[in-house]
Amino acid sequence: MHLAFITPFPPSQGTLVEYGAHMARVLAAKPEVSRLSILADQLERPVEEPDHIHRVWRFGSAANALQITQTLRRLRPDAVIFNLQFATFGGQPLPAALGLLSPGLARLQGIPTITLLHNLFETVDLNQAGYAGNPLKERVLRLGGEAFTRLLLGSHLVATTMPTYVEILRQKYRAKNAFLAPHGAFEDPGPPPPLPAAKRVLAFGKFGTYKRLETLLEAHQMVVARDPAAELVVAGTNSPNAPGYLEGLRAVYGEIPGVSYTGYVPEEEVARVFTEAYLVAFPYTATTGSSGVLHQAGQFARPAVMPRIGDLAELVEAEGYQAEFFHPGDAASLAGALDRLLADPERAWQMGLNNYRASVGVLLEDVADWYLLHLERLGRKHAS
Amino acid sequence: MQVERYEDQGTTVYKMQGRLDAHQVPALKSLIEVVPPGIVLDLAGVNFIDSTGLAFLVGVNKRARESKIGLKLRNLQDPVRLILEMVGLYDILPIER
């Protein structure tokens, strides 16, 4: 099978780039996939890459659907998988939405098409995610979002990683082509690494929209007042929609002891960053889908501290993870949750082990088999 | 998870009882052999399945297909059937109806 995979792809640093890179790796290794073409986002500075990586679309461009359609017409793949979330193609509504036409256009070309959709408009607090400034604008965006969700459903199949998303697509949109697919652990990590002696809390991701660090920093200040050895490591960069966020944060909270900022974490450093952490904190004010960071925390057998909000808590339970929960926006509640795990290494370790089992139970290569089964069936239907 | 293995008209039947989840699957992987001419997974006693359990079923299906060995899933209970339907595998996996 010649498979085309449309995704943000490294060294780009767009959202979903890690998932895209790992999924591309496991798809390329499948015997069923004789050829893999990656249709990736353009880089600011082009680099030398293998021929099967085609940099054909650009974050923020209104012409992405056209570029992708033309490339698919030229490459003539047997099947297509899109790795998308609603803002994959742009930070502004118009390019973001126009890009989401691509799966439907691929289907119109007669190519079996699966879209892996990592979030839904319905479950995103657009205001917190940085896409609206006032309720009226948010309402307009949501209506637009619904329209484009319908267009995305033009894909032969739409996979989501959350049961609630499938329910929304099936009930609200009456979609019969939506199904649930597990997120999957990126790779088999080997035996679970033991917890470090250092009481190091890790926050990992792209910050400034719905991942905000103010509450975590205030909670850390309370924790470090009781235990001066406690550390907080902020690993990651500003969200593309929140330039300058981390810099502003450091200006305000720079006096708090025991805080370090790593900046961008290259792929080869990810394992070290998680392994050196005692626990992983999720300073989310809203969610936009299944959490890749939770799967990484599980992969490295680390306990999680999470806000009790919407689908995040649901994901934890549905996929067998455990977390210590806190009230969103409540620094004292978060400090309490951190303290409970920092003070009880055995409990933290058992929680980490549970998360490890939940994470490595489904590897991304298992999930890829899932998609290939669906594509095979679509291909058969298509041929008959 | 309890697994009873017996032969039925030349087919190896695995009668499973318990939860098909991340905690049970590691042990189950060494118990379930995909042997010719075919195997049946009797899920009458399984009322819970999670994503690890689903991946296990997909994996058994893959091994059976690669080895050209027959596979049937039998006696699906409603909670398991609903999950298989939600993940789009109900029409893909070889389920005895």
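Helices (H or I, at least four residues) and strands (E, at least two) are DSSP runs here, numbered from the N terminus. A few notes on the two chains follow.

1. What we're looking at. This is a predicted model, where local features need pLDDT of at least 70, side-chain atom pairs count only at pLDDT 80 or more, and totals for chains, interfaces and linings use all residues. Residues are numbered from 1 along each chain as its sequence is written, while chains are lettered from A and ligands numbered from 1 in the order in which they are written.

2. Chain B, overall. You'll find 3 helices and 4 strands in chain B, and from the N terminus on they come in the order β-β-α-β-α-β-α. Its C-alpha atoms fill a box of roughly 30 × 25 × 20 Å along the principal axes. The radius of gyration (over C-alpha atoms; the globule rule is 2.2 Å times the number of residues to the power 0.38) is 12 Å for chain B, which agrees with the value near 13 Å for a compact globule of 97 residues.

3. Chain B, burial and contacts. Call a residue buried if 20 or more other C-beta atoms lie within 10 Å of its own, exposed if 12 or fewer, and partly exposed in between, with C-beta atoms placed from the backbone. On that count, buried residues are 33% of the 97 in chain B. Two residues are in contact if their C-beta atoms, placed from the backbone, lie within 7 Å. Of the contacts in chain B with a separation of 6 or more, 72% are between residues 24 or more positions apart.

4. Chain A, overall. Chain A has 14 helices and 13 strands. Its radius of gyration is 21 Å, close to the 21 Å that the globule rule gives for 384 residues, so chain A is as compact as a globular protein of that length. The C-alpha trace spans about 65 × 50 × 45 Å along its principal axes. Buried residues make up 53% of the 384 residues, and 72% of the chain A contacts between residues at least 6 apart in sequence join residues at least 24 apart.

5. The main core. In soluble globular proteins, nonpolar side chains tend to be buried together. A nonpolar core here is a set of buried Ala, Val, Leu, Ile, Met, Phe, Trp, Tyr and Cys residues joined through C-beta atoms within 7 Å. The largest one has 144 residues, and those touching the most other members include A:Leu202, A:Leu279, A:Val305 and A:Leu338. Helix H14 (residues 364-383) of chain A gives the most to this core, with 8 residues. If you want one residue to click on, try A:Val305: leaving out residues up to four places away in sequence, its partners include A:Leu279, A:Phe282, A:Phe326 and A:Leu341.

6. Helix H2 of chain A. For the 12 residues of this helix (residues 64-75), 1.5 Å a residue (times one less than the number of residues) should give a span of 16 Å, and the end C-alpha atoms are 16 Å apart, which agrees. A:Asn64, A:Ala65, A:Ile68 and A:Leu72 are its buried residues. Seen down the axis, they fall within an arc of 95 degrees (taken from the directions from the helix axis to the C-beta atoms), so they line one face of the helix. Their cover includes strands E1 (2-6), E2 (35-41), E3 (53-57) and E4 (79-84), along with helices H3 (93-99) and H4 (102-108) of chain A. The face turned away from the buried side carries exposed A:Arg73 and A:Arg74. A:Arg76 follows the helix, with a positive phi near 50 degrees.

7. The A/B contact. Chain B puts in 15 residues and chain A 18. On the chain B side, helix H2 (residues 51-66) has the largest share, 6 residues. That side has 7 nonpolar, 5 polar and 3 charged residues, where Ala, Val, Leu, Ile, Met, Phe, Trp, Tyr, Cys and Pro count as nonpolar, Asp, Glu, Lys and Arg as charged, and the others, Gly among them, as polar.

8. Backbone spots to check. Most residues other than glycine have a negative phi, and most peptide bonds are trans. The bond from A:Pro10 to A:Pro11 is cis, with omega near 10 degrees; the bond joining B:Pro36 and B:Pro37 is cis too, with omega about 0 degrees. A:Ala301 has a positive phi near 60 degrees and counts as buried because it has 25 C-beta neighbours inside 10 Å. B:Gln9 has a positive phi of about 50 degrees, but with 5 such neighbours inside 10 Å B:Gln9 counts as exposed.
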